[in-house]
Amino acid sequence: MNKQSLGIHMKDTIAKLISYSSKVLPDDIYTKLEELRAKESDRLGIIIFDTMFENQALARKLDRPCCQDTGILQFFINCGADFPLIGELEQLLKEAVVLATDTAPLRHNSVETFDEYNTGTNIGRRVPNIFWDIIPNSDACEIYTYMAGGGCTLPGKAMVLMPGAGYEGLVKFVLDIMTSYGLNACPPLLVGIGVATSTETAALLSKKALLRPLGTHNDNKKAAQLETLLEDGINEIGLGPQGVSGSSSVMGVHIENAARHPSTIGVAVNVGCWSHRKSHIKFDKDLNYKIISHKGAVL
Amino acid sequence: MDKRILTTPIRSEDLEDINIGDIIYLRGHITTCRDVAHRRLIAAGRELPVDLDGGAIFHAGPIVRTVEGTEDKFEMVSVGPTTSMRMETFEKEFIEVTGVKLIVGKGGMGERTMKGCRDFKALHCIFPAGCAVVAAVSVEEIETAGWRDLGMPETLWTCRVKEFGPLIVSIDTHGRNLFEENKVVFNERKEQAAEKICKNVSFIK
(Lines give C-alpha, C1' and ligand atoms only; values in the text may rest on other atoms or scores of the structure.)
Protein backbone atom coordinates (compact mmCIF):
# COMPACT_ATOMS: atom_id res chain seq x y z
CA MET A 1 0.00 0.00 0.00
CA ASN A 2 1.22 3.52 -0.67
CA LYS A 3 1.19 6.13 2.05
CA GLN A 4 -2.15 7.56 1.02
CA SER A 5 -3.98 4.25 1.16
CA LEU A 6 -2.27 3.41 4.44
CA GLY A 7 -3.61 6.71 5.77
CA ILE A 8 -7.16 6.01 4.65
CA HIS A 9 -6.96 2.54 6.18
CA MET A 10 -5.73 3.92 9.50
CA LYS A 11 -8.38 6.65 9.62
CA ASP A 12 -11.18 4.17 8.89
CA THR A 13 -9.89 1.72 11.49
CA ILE A 14 -9.67 4.38 14.20
CA ALA A 15 -13.13 5.73 13.33
CA LYS A 16 -14.59 2.23 13.60
CA LEU A 17 -12.79 1.64 16.88
CA ILE A 18 -14.14 4.91 18.33
CA SER A 19 -17.64 3.95 17.27
CA TYR A 20 -17.27 0.42 18.65
CA SER A 21 -15.90 1.64 21.97
CA SER A 22 -18.85 4.02 22.35
CA LYS A 23 -21.14 0.96 22.32
CA VAL A 24 -19.23 -1.87 23.96
CA LEU A 25 -17.31 -1.64 27.23
CA PRO A 26 -13.76 -3.03 27.37
CA ASP A 27 -13.34 -6.57 28.72
CA ASP A 28 -11.66 -5.60 31.99
CA ILE A 29 -14.42 -3.12 32.90
CA TYR A 30 -17.30 -5.43 32.00
CA THR A 31 -15.81 -8.31 33.99
CA LYS A 32 -15.26 -6.10 37.01
CA LEU A 33 -18.84 -4.80 36.89
CA GLU A 34 -20.14 -8.38 36.82
CA GLU A 35 -18.03 -9.15 39.86
CA LEU A 36 -19.33 -6.08 41.72
CA ARG A 37 -22.94 -6.82 40.81
CA ALA A 38 -22.62 -10.32 42.28
CA LYS A 39 -21.47 -8.78 45.57
CA GLU A 40 -24.02 -5.97 45.77
CA SER A 41 -26.72 -6.38 48.43
CA ASP A 42 -28.26 -2.89 48.59
CA ARG A 43 -31.86 -2.73 47.26
CA LEU A 44 -31.30 0.39 45.15
CA GLY A 45 -27.81 -0.72 44.17
CA ILE A 46 -29.17 -3.95 42.71
CA ILE A 47 -31.85 -2.11 40.68
CA ILE A 48 -29.19 0.17 39.22
CA PHE A 49 -26.83 -2.72 38.36
CA ASP A 50 -29.68 -4.57 36.63
CA THR A 51 -30.48 -1.49 34.53
CA MET A 52 -26.77 -1.13 33.66
CA PHE A 53 -26.52 -4.67 32.29
CA GLU A 54 -29.83 -4.37 30.45
CA ASN A 55 -28.46 -1.19 28.88
CA GLN A 56 -25.21 -2.78 27.70
CA ALA A 57 -27.13 -5.62 26.08
CA LEU A 58 -29.51 -3.20 24.34
CA ALA A 59 -26.68 -0.95 23.14
CA ARG A 60 -25.03 -3.93 21.49
CA LYS A 61 -28.24 -5.24 19.99
CA LEU A 62 -29.40 -1.87 18.63
CA ASP A 63 -25.87 -0.72 17.74
CA ARG A 64 -26.11 2.55 19.68
CA PRO A 65 -23.77 4.46 22.00
CA CYS A 66 -24.37 2.96 25.45
CA CYS A 67 -24.13 6.39 27.12
CA GLN A 68 -25.35 9.55 25.44
CA ASP A 69 -22.32 11.51 26.60
CA THR A 70 -19.69 10.26 24.22
CA GLY A 71 -17.28 12.83 25.59
CA ILE A 72 -14.37 14.76 24.21
CA LEU A 73 -12.11 12.33 22.37
CA GLN A 74 -8.65 11.89 23.87
CA PHE A 75 -5.80 9.90 22.35
CA PHE A 76 -2.69 8.73 24.14
CA ILE A 77 -0.12 7.59 21.61
CA ASN A 78 3.04 5.58 21.99
CA CYS A 79 4.39 6.08 18.50
CA GLY A 80 7.55 4.48 17.15
CA ALA A 81 9.92 7.08 15.74
CA ASP A 82 9.97 5.06 12.52
CA PHE A 83 6.20 4.53 12.22
CA PRO A 84 5.45 5.40 8.58
CA LEU A 85 2.47 7.69 9.35
CA ILE A 86 4.00 9.57 12.27
CA GLY A 87 3.71 12.88 10.44
CA GLU A 88 0.15 12.32 9.28
CA LEU A 89 -1.21 10.84 12.51
CA GLU A 90 -2.68 13.97 14.12
CA GLN A 91 -4.63 14.86 11.00
CA LEU A 92 -5.81 11.26 10.59
CA LEU A 93 -7.10 11.17 14.16
CA LYS A 94 -9.03 14.40 13.63
CA GLU A 95 -10.60 13.05 10.47
CA ALA A 96 -11.41 9.78 12.25
CA VAL A 97 -13.29 11.71 14.95
CA VAL A 98 -15.37 13.58 12.37
CA LEU A 99 -16.16 10.32 10.60
CA ALA A 100 -17.13 8.49 13.80
CA THR A 101 -19.30 11.43 14.90
CA ASP A 102 -21.39 10.85 11.81
CA THR A 103 -21.37 7.06 11.69
CA ALA A 104 -21.68 6.05 15.37
CA PRO A 105 -23.37 8.65 15.82
CA LEU A 106 -21.62 10.55 18.63
CA ARG A 107 -23.02 13.53 20.50
CA HIS A 108 -21.61 16.92 19.53
CA ASN A 109 -19.40 17.80 22.46
CA SER A 110 -16.80 20.28 21.29
CA VAL A 111 -17.61 23.83 22.39
CA GLU A 112 -15.11 26.51 21.40
CA THR A 113 -14.05 28.44 24.48
CA PHE A 114 -14.60 32.24 24.54
CA ASP A 115 -16.54 32.17 21.29
CA GLU A 116 -18.85 29.66 22.99
CA TYR A 117 -20.36 27.73 20.14
CA ASN A 118 -20.62 23.99 19.53
CA THR A 119 -18.60 23.08 16.44
CA GLY A 120 -20.98 20.18 15.71
CA THR A 121 -18.13 17.91 14.60
CA ASN A 122 -16.39 16.96 17.86
CA ILE A 123 -13.25 18.69 16.70
CA GLY A 124 -12.14 22.14 17.75
CA ARG A 125 -9.12 24.07 18.88
CA ARG A 126 -6.72 21.42 20.31
CA VAL A 127 -9.58 18.89 20.25
CA PRO A 128 -9.38 15.92 20.05
CA ASN A 129 -6.75 16.03 22.81
CA ILE A 130 -3.65 14.20 21.64
CA PHE A 131 -0.81 13.19 23.97
CA TRP A 132 2.38 11.86 22.39
CA ASP A 133 5.13 9.58 23.58
CA ILE A 134 7.76 8.83 20.93
CA ILE A 135 9.34 5.37 21.16
CA PRO A 136 12.89 5.18 19.76
CA ASN A 137 13.90 2.34 17.42
CA SER A 138 10.33 1.24 16.78
CA ASP A 139 8.14 1.31 13.67
CA ALA A 140 4.93 0.37 15.51
CA CYS A 141 2.22 2.58 16.95
CA GLU A 142 0.07 2.01 19.97
CA ILE A 143 -3.02 4.16 20.62
CA TYR A 144 -5.30 4.42 23.62
CA THR A 145 -8.63 6.14 22.97
CA TYR A 146 -10.73 7.61 25.74
CA MET A 147 -14.13 9.28 25.73
CA ALA A 148 -13.95 11.92 28.44
CA GLY A 149 -17.57 12.51 29.41
CA GLY A 150 -18.69 15.56 31.37
CA GLY A 151 -19.88 13.81 34.52
CA CYS A 152 -16.65 12.00 35.23
CA THR A 153 -14.46 14.90 34.10
CA LEU A 154 -16.05 17.26 36.66
CA PRO A 155 -14.41 15.80 39.80
CA GLY A 156 -10.92 16.27 38.32
CA LYS A 157 -8.63 18.20 40.63
CA ALA A 158 -4.91 18.86 40.96
CA MET A 159 -2.89 20.68 43.60
CA VAL A 160 0.55 20.93 45.06
CA LEU A 161 0.89 19.87 48.69
CA MET A 162 3.67 20.92 50.99
CA PRO A 163 5.78 17.93 52.02
CA GLY A 164 4.61 18.53 55.58
CA ALA A 165 1.15 17.39 54.51
CA GLY A 166 2.74 14.07 53.54
CA TYR A 167 0.99 11.16 51.90
CA GLU A 168 -1.64 11.61 54.59
CA GLY A 169 -2.55 14.87 52.82
CA LEU A 170 -2.85 12.98 49.55
CA VAL A 171 -5.22 10.43 51.13
CA LYS A 172 -7.51 13.20 52.43
CA PHE A 173 -7.37 15.03 49.10
CA VAL A 174 -8.57 11.88 47.29
CA LEU A 175 -11.25 10.92 49.81
CA ASP A 176 -12.73 14.45 49.90
CA ILE A 177 -13.26 14.31 46.15
CA MET A 178 -15.01 10.95 46.46
CA THR A 179 -17.72 12.19 48.83
CA SER A 180 -18.25 15.54 47.11
CA TYR A 181 -17.99 15.35 43.33
CA GLY A 182 -17.29 11.61 43.02
CA LEU A 183 -20.76 10.84 44.24
CA ASN A 184 -22.25 12.41 41.09
CA ALA A 185 -19.71 11.02 38.64
CA CYS A 186 -21.45 7.66 38.09
CA PRO A 187 -19.90 5.24 40.55
CA PRO A 188 -18.61 2.54 40.69
CA LEU A 189 -15.68 4.72 39.64
CA LEU A 190 -12.20 4.06 38.42
CA VAL A 191 -9.97 6.45 40.34
CA GLY A 192 -6.76 7.64 38.71
CA ILE A 193 -4.18 9.36 40.91
CA GLY A 194 -1.03 11.11 39.78
CA VAL A 195 1.77 11.76 42.27
CA ALA A 196 4.56 13.96 40.95
CA THR A 197 6.04 17.41 41.38
CA SER A 198 3.55 19.91 39.95
CA THR A 199 -0.06 20.17 38.80
CA GLU A 200 0.45 19.33 35.12
CA THR A 201 2.80 16.38 35.71
CA ALA A 202 0.46 14.90 38.30
CA ALA A 203 -2.63 15.60 36.18
CA LEU A 204 -1.33 13.86 33.08
CA LEU A 205 -0.31 10.82 35.13
CA SER A 206 -3.71 10.70 36.81
CA LYS A 207 -5.38 10.37 33.40
CA LYS A 208 -2.84 7.81 32.19
CA ALA A 209 -3.61 5.82 35.33
CA LEU A 210 -7.19 5.44 34.04
CA LEU A 211 -5.93 3.69 30.92
CA ARG A 212 -4.04 0.96 32.75
CA PRO A 213 -5.81 -2.42 32.64
CA LEU A 214 -8.02 -2.94 35.69
CA GLY A 215 -6.48 -5.21 38.27
CA THR A 216 -2.89 -4.21 37.53
CA HIS A 217 -0.86 -2.48 40.20
CA ASN A 218 1.81 0.18 40.31
CA ASP A 219 5.23 -1.52 40.20
CA ASN A 220 6.31 0.32 43.34
CA LYS A 221 5.27 -1.77 46.33
CA LYS A 222 4.29 1.17 48.53
CA ALA A 223 2.24 2.78 45.76
CA ALA A 224 0.57 -0.57 45.08
CA GLN A 225 -0.24 -0.91 48.76
CA LEU A 226 -1.80 2.56 48.77
CA GLU A 227 -3.91 1.59 45.73
CA THR A 228 -5.36 -1.31 47.70
CA LEU A 229 -5.84 0.73 50.88
CA LEU A 230 -7.70 3.45 48.98
CA GLU A 231 -9.83 0.95 47.06
CA ASP A 232 -10.92 -0.73 50.29
CA GLY A 233 -11.34 2.60 52.06
CA ILE A 234 -13.54 4.15 49.37
CA ASN A 235 -15.63 0.98 49.16
CA GLU A 236 -16.13 1.19 52.93
CA ILE A 237 -17.60 4.68 52.49
CA GLY A 238 -20.41 2.84 50.68
CA LEU A 239 -21.27 5.31 47.92
CA GLY A 240 -22.76 2.48 45.88
CA PRO A 241 -23.78 2.62 42.24
CA GLN A 242 -24.83 6.20 41.33
CA GLY A 243 -24.10 7.28 44.91
CA VAL A 244 -27.40 5.93 46.23
CA SER A 245 -25.43 3.75 48.70
CA GLY A 246 -24.24 0.18 48.35
CA SER A 247 -21.13 -1.94 48.68
CA SER A 248 -19.43 -1.00 45.41
CA SER A 249 -18.05 2.52 45.15
CA VAL A 250 -15.04 1.90 42.95
CA MET A 251 -13.92 -0.52 40.25
CA GLY A 252 -10.31 0.22 41.15
CA VAL A 253 -7.74 2.79 42.22
CA HIS A 254 -4.68 3.30 40.00
CA ILE A 255 -1.68 5.42 40.95
CA GLU A 256 0.98 6.59 38.50
CA ASN A 257 3.98 8.42 39.87
CA ALA A 258 7.06 10.46 39.05
CA ALA A 259 9.86 11.95 41.15
CA ARG A 260 9.20 15.28 42.88
CA HIS A 261 10.97 18.43 43.99
CA PRO A 262 12.05 18.21 47.66
CA SER A 263 9.66 21.06 48.49
CA THR A 264 6.52 19.85 46.74
CA ILE A 265 4.13 16.92 46.29
CA GLY A 266 2.02 17.38 43.17
CA VAL A 267 -1.19 15.37 43.35
CA ALA A 268 -4.06 14.97 40.93
CA VAL A 269 -7.22 12.93 40.65
CA ASN A 270 -9.11 11.96 37.53
CA VAL A 271 -12.06 9.61 37.69
CA GLY A 272 -13.63 7.33 35.13
CA CYS A 273 -17.33 6.50 35.39
CA TRP A 274 -18.61 2.90 35.38
CA SER A 275 -19.18 3.29 31.64
CA HIS A 276 -15.42 3.61 31.11
CA ARG A 277 -15.12 3.86 27.36
CA LYS A 278 -11.46 3.36 26.59
CA SER A 279 -9.85 1.26 23.92
CA HIS A 280 -6.34 0.12 23.13
CA ILE A 281 -5.03 -0.78 19.70
CA LYS A 282 -1.59 -1.63 18.29
CA PHE A 283 -0.56 -1.09 14.67
CA ASP A 284 2.55 -2.47 12.99
CA LYS A 285 4.33 -0.60 10.20
CA ASP A 286 2.04 -2.21 7.57
CA LEU A 287 -1.03 -1.13 9.54
CA ASN A 288 -1.94 -4.65 10.63
CA TYR A 289 -3.59 -4.12 13.96
CA LYS A 290 -4.54 -5.86 17.17
CA ILE A 291 -7.22 -4.61 19.55
CA ILE A 292 -6.05 -5.26 23.11
CA SER A 293 -8.96 -3.86 25.11
CA HIS A 294 -11.88 -5.67 23.45
CA LYS A 295 -11.16 -9.33 22.66
CA GLY A 296 -13.00 -10.62 19.62
CA ALA A 297 -14.03 -7.14 18.48
CA VAL A 298 -14.82 -7.00 14.78
CA LEU A 299 -14.59 -3.52 13.30
CA MET B 1 -45.36 -4.51 44.89
CA ASP B 2 -47.12 -3.03 41.87
CA LYS B 3 -45.18 -0.69 39.65
CA ARG B 4 -45.89 2.89 40.68
CA ILE B 5 -46.51 4.84 37.48
CA LEU B 6 -47.05 8.60 37.29
CA THR B 7 -48.87 9.98 34.27
CA THR B 8 -48.57 13.56 33.02
CA PRO B 9 -50.19 15.98 33.72
CA ILE B 10 -49.18 15.23 37.33
CA ARG B 11 -51.13 16.82 40.20
CA SER B 12 -49.64 17.77 43.58
CA GLU B 13 -51.80 15.17 45.34
CA ASP B 14 -50.33 12.40 43.16
CA LEU B 15 -46.99 12.99 44.92
CA GLU B 16 -48.14 13.06 48.55
CA ASP B 17 -47.45 9.41 49.41
CA ILE B 18 -44.16 9.18 47.52
CA ASN B 19 -40.98 9.16 49.60
CA ILE B 20 -37.25 9.24 49.02
CA GLY B 21 -35.89 5.85 47.98
CA ASP B 22 -39.15 4.89 46.24
CA ILE B 23 -39.02 3.61 42.67
CA ILE B 24 -41.44 5.13 40.19
CA TYR B 25 -42.01 5.17 36.42
CA LEU B 26 -43.34 7.90 34.14
CA ARG B 27 -45.88 7.74 31.36
CA GLY B 28 -46.73 10.75 29.20
CA HIS B 29 -44.40 13.60 28.31
CA ILE B 30 -40.94 14.64 29.43
CA THR B 31 -38.80 17.46 28.04
CA THR B 32 -35.02 17.54 28.08
CA CYS B 33 -33.98 20.73 29.81
CA ARG B 34 -30.55 21.64 31.16
CA ASP B 35 -28.05 24.46 31.70
CA VAL B 36 -28.84 27.13 29.13
CA ALA B 37 -32.62 26.58 29.14
CA HIS B 38 -32.66 27.16 32.92
CA ARG B 39 -30.49 30.23 32.50
CA ARG B 40 -32.66 31.66 29.73
CA LEU B 41 -35.89 31.27 31.71
CA ILE B 42 -34.71 32.38 35.15
CA ALA B 43 -31.74 34.70 34.56
CA ALA B 44 -32.77 36.19 31.22
CA GLY B 45 -36.54 36.05 31.77
CA ARG B 46 -37.30 34.49 28.39
CA GLU B 47 -40.42 32.42 27.86
CA LEU B 48 -39.90 28.64 27.52
CA PRO B 49 -41.02 27.23 24.16
CA VAL B 50 -42.97 24.48 25.95
CA ASP B 51 -45.67 24.40 28.66
CA LEU B 52 -44.38 22.42 31.65
CA ASP B 53 -47.30 22.87 34.05
CA GLY B 54 -47.88 19.43 35.60
CA GLY B 55 -45.11 18.14 33.41
CA ALA B 56 -41.68 16.57 33.69
CA ILE B 57 -38.17 17.65 32.74
CA PHE B 58 -35.08 15.57 32.16
CA HIS B 59 -31.62 16.97 32.88
CA ALA B 60 -30.19 15.36 29.78
CA GLY B 61 -28.43 16.06 26.53
CA PRO B 62 -29.29 13.30 24.09
CA ILE B 63 -27.99 11.94 20.81
CA VAL B 64 -30.79 12.55 18.32
CA ARG B 65 -30.93 11.84 14.60
CA THR B 66 -33.39 12.89 11.92
CA VAL B 67 -35.74 10.19 10.72
CA GLU B 68 -34.57 9.13 7.27
CA GLY B 69 -36.35 10.92 4.45
CA THR B 70 -37.53 13.80 6.68
CA GLU B 71 -36.03 17.07 7.84
CA ASP B 72 -37.94 17.80 11.03
CA LYS B 73 -38.85 14.39 12.44
CA PHE B 74 -36.40 13.10 15.01
CA GLU B 75 -35.43 9.80 16.55
CA MET B 76 -33.99 9.36 20.04
CA VAL B 77 -30.77 7.33 19.74
CA SER B 78 -29.32 7.61 23.21
CA VAL B 79 -30.47 9.73 26.17
CA GLY B 80 -29.43 9.73 29.79
CA PRO B 81 -29.22 12.06 32.73
CA THR B 82 -26.55 14.66 33.32
CA THR B 83 -25.36 16.07 36.67
CA SER B 84 -28.41 17.74 38.22
CA MET B 85 -26.38 19.83 40.65
CA ARG B 86 -25.45 22.18 37.78
CA MET B 87 -29.07 23.35 37.72
CA GLU B 88 -29.22 23.97 41.50
CA THR B 89 -28.90 27.75 41.17
CA PHE B 90 -32.08 27.98 39.11
CA GLU B 91 -34.25 24.98 40.01
CA LYS B 92 -36.34 26.37 42.87
CA GLU B 93 -37.48 29.34 40.78
CA PHE B 94 -37.86 27.05 37.78
CA ILE B 95 -40.32 24.84 39.69
CA GLU B 96 -42.23 27.90 40.91
CA VAL B 97 -42.48 29.58 37.52
CA THR B 98 -43.25 26.53 35.35
CA GLY B 99 -45.32 24.31 37.67
CA VAL B 100 -43.13 21.33 36.71
CA LYS B 101 -43.82 18.29 38.91
CA LEU B 102 -41.06 15.84 38.12
CA ILE B 103 -37.38 16.53 37.62
CA VAL B 104 -35.22 13.63 36.45
CA GLY B 105 -31.45 13.79 36.54
CA LYS B 106 -28.28 12.39 37.99
CA GLY B 107 -26.84 12.74 41.49
CA GLY B 108 -28.29 14.88 44.21
CA MET B 109 -29.54 18.44 44.32
CA GLY B 110 -29.22 20.89 47.17
CA GLU B 111 -31.12 22.78 49.82
CA ARG B 112 -32.80 25.24 47.46
CA THR B 113 -34.24 22.54 45.20
CA MET B 114 -35.41 20.61 48.28
CA LYS B 115 -37.32 23.75 49.36
CA GLY B 116 -38.74 24.18 45.86
CA CYS B 117 -39.96 20.57 45.85
CA ARG B 118 -41.44 20.96 49.34
CA ASP B 119 -43.13 24.33 48.81
CA PHE B 120 -44.41 23.88 45.25
CA LYS B 121 -44.85 20.07 45.32
CA ALA B 122 -42.44 18.41 42.95
CA LEU B 123 -40.03 15.46 42.98
CA HIS B 124 -36.40 15.09 41.99
CA CYS B 125 -35.57 11.59 40.81
CA ILE B 126 -32.52 9.92 39.40
CA PHE B 127 -32.48 7.64 36.40
CA PRO B 128 -29.51 5.21 36.41
CA ALA B 129 -26.92 7.26 34.54
CA GLY B 130 -25.05 5.73 31.65
CA CYS B 131 -28.12 3.63 30.78
CA ALA B 132 -28.94 5.75 27.77
CA VAL B 133 -30.30 3.06 25.50
CA VAL B 134 -32.76 1.81 28.12
CA ALA B 135 -34.05 5.39 28.32
CA ALA B 136 -34.07 5.93 24.56
CA VAL B 137 -36.19 2.88 23.82
CA SER B 138 -38.86 4.12 26.24
CA VAL B 139 -39.30 7.19 24.01
CA GLU B 140 -42.19 6.53 21.63
CA GLU B 141 -41.84 9.79 19.74
CA ILE B 142 -40.09 13.14 19.88
CA GLU B 143 -43.06 15.46 19.50
CA THR B 144 -41.40 18.88 19.50
CA ALA B 145 -37.94 20.43 19.50
CA GLY B 146 -37.64 23.87 21.11
CA TRP B 147 -34.74 26.33 21.00
CA ARG B 148 -32.83 24.32 18.43
CA ASP B 149 -30.31 27.15 18.22
CA LEU B 150 -28.80 25.62 21.38
CA GLY B 151 -27.48 22.60 19.50
CA MET B 152 -28.16 18.91 19.98
CA PRO B 153 -27.37 18.51 23.71
CA GLU B 154 -29.27 21.61 24.87
CA THR B 155 -32.34 21.64 22.63
CA LEU B 156 -35.63 21.10 24.50
CA TRP B 157 -36.74 17.75 23.09
CA THR B 158 -40.28 16.93 24.23
CA CYS B 159 -40.70 13.17 24.25
CA ARG B 160 -43.73 10.93 24.66
CA VAL B 161 -42.62 8.05 26.87
CA LYS B 162 -44.05 4.71 27.93
CA GLU B 163 -43.03 3.56 31.39
CA PHE B 164 -39.82 5.57 31.60
CA GLY B 165 -37.75 4.35 34.53
CA PRO B 166 -36.69 3.09 36.99
CA LEU B 167 -36.69 6.51 38.66
CA ILE B 168 -35.33 6.61 42.21
CA VAL B 169 -36.86 9.43 44.25
CA SER B 170 -34.04 11.55 45.68
CA ILE B 171 -36.07 14.58 46.87
CA ASP B 172 -39.70 14.20 47.90
CA THR B 173 -42.42 16.75 48.70
CA HIS B 174 -41.88 16.34 52.45
CA GLY B 175 -38.49 18.07 52.65
CA ARG B 176 -36.36 14.95 52.57
CA ASN B 177 -33.25 14.62 50.41
CA LEU B 178 -31.72 11.16 49.88
CA PHE B 179 -28.30 12.38 48.75
CA GLU B 180 -27.93 14.94 51.55
CA GLU B 181 -28.89 12.31 54.12
CA ASN B 182 -26.45 9.84 52.56
CA LYS B 183 -23.70 12.47 52.53
CA VAL B 184 -23.80 12.76 56.32
CA VAL B 185 -23.20 9.01 56.61
CA PHE B 186 -20.58 9.01 53.83
CA ASN B 187 -18.63 11.82 55.48
CA GLU B 188 -18.54 10.00 58.82
CA ARG B 189 -17.28 6.84 57.13
CA LYS B 190 -14.76 8.89 55.15
CA GLU B 191 -13.15 10.14 58.37
CA GLN B 192 -12.86 6.57 59.62
CA ALA B 193 -11.40 5.37 56.32
CA ALA B 194 -8.88 8.24 56.25
CA GLU B 195 -7.73 7.49 59.76
CA LYS B 196 -7.20 3.82 58.94
CA ILE B 197 -5.30 4.47 55.71
CA CYS B 198 -3.13 7.25 57.15
CA LYS B 199 -1.64 4.82 59.68
CA ASN B 200 0.06 3.09 56.75
CA VAL B 201 1.41 5.94 54.64
CA SER B 202 4.21 7.54 56.65
CA PHE B 203 6.60 7.21 53.72
CA ILE B 204 8.42 10.47 54.51
CA LYS B 205 10.64 9.70 57.47
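Two strands count as paired here if DSSP finds at least two bridges between them. Keep that in mind as you click through this predicted model.

**Stop one: the sheet.** Select β6, β9, β7 and β8 of chain A, in that order; they make up an open sheet of four strands with mixed pairing. Now colour β6 (157-161) and β8 (250-257) of chain A: these are the edge strands, and each has a single partner, so one side of each has no neighbour in the sheet. Going from one strand to the next, the twist averages 15°.

**Stop two: a strand pair.** Show residues 189-196 and 265-272 of chain A, which are β7 and β9; the two run antiparallel and are joined by seven bridges. For a landmark, pick A:Ile193 and look across to A:Val269 in β9(A), which stands opposite.

**Stop three: the helices.** Add helix α6, residues 166-179 of chain A. Helix α6 packs on the sheet, touching β6, β7 and β9 of chain A, and its direction makes about 25° with that of β9(A). Then bring in helix α7, residues 199-211 of chain A, which also packs on the sheet. Helix α7 touches β6, β7, β8 and β9 of chain A, at about 145° to the direction of β7(A).

**Last stop: a loop residue.** Select A:Ala258, in the loop between β8 and β9 of chain A. Is A:Ala258 buried or exposed? Partly exposed, because A:Ala258 has 14 other C-beta atoms within 10 Å, while buried takes 20 or more and exposed 12 or fewer. Leaving aside residues up to four places away in sequence, A:Ala258 touches A:Ala196, A:Thr197, A:Thr201 and A:Leu205. To finish, draw a C-alpha to C-alpha distance from A:Ala258 to A:Tyr181: they are 26 Å apart in space and 77 residues apart in sequence.

Notes
Residues numbered from 1 in each chain as written. Chains lettered and ligands numbered in written order. Predicted model: local features only at pLDDT ≥ 70, side-chain atom pairs only at ≥ 80, totals over all residues. Axes fitted to C-alpha atoms, helices over the stretch in contact; angles between N-to-C directions. Contact = placed C-beta atoms within 7 Å.
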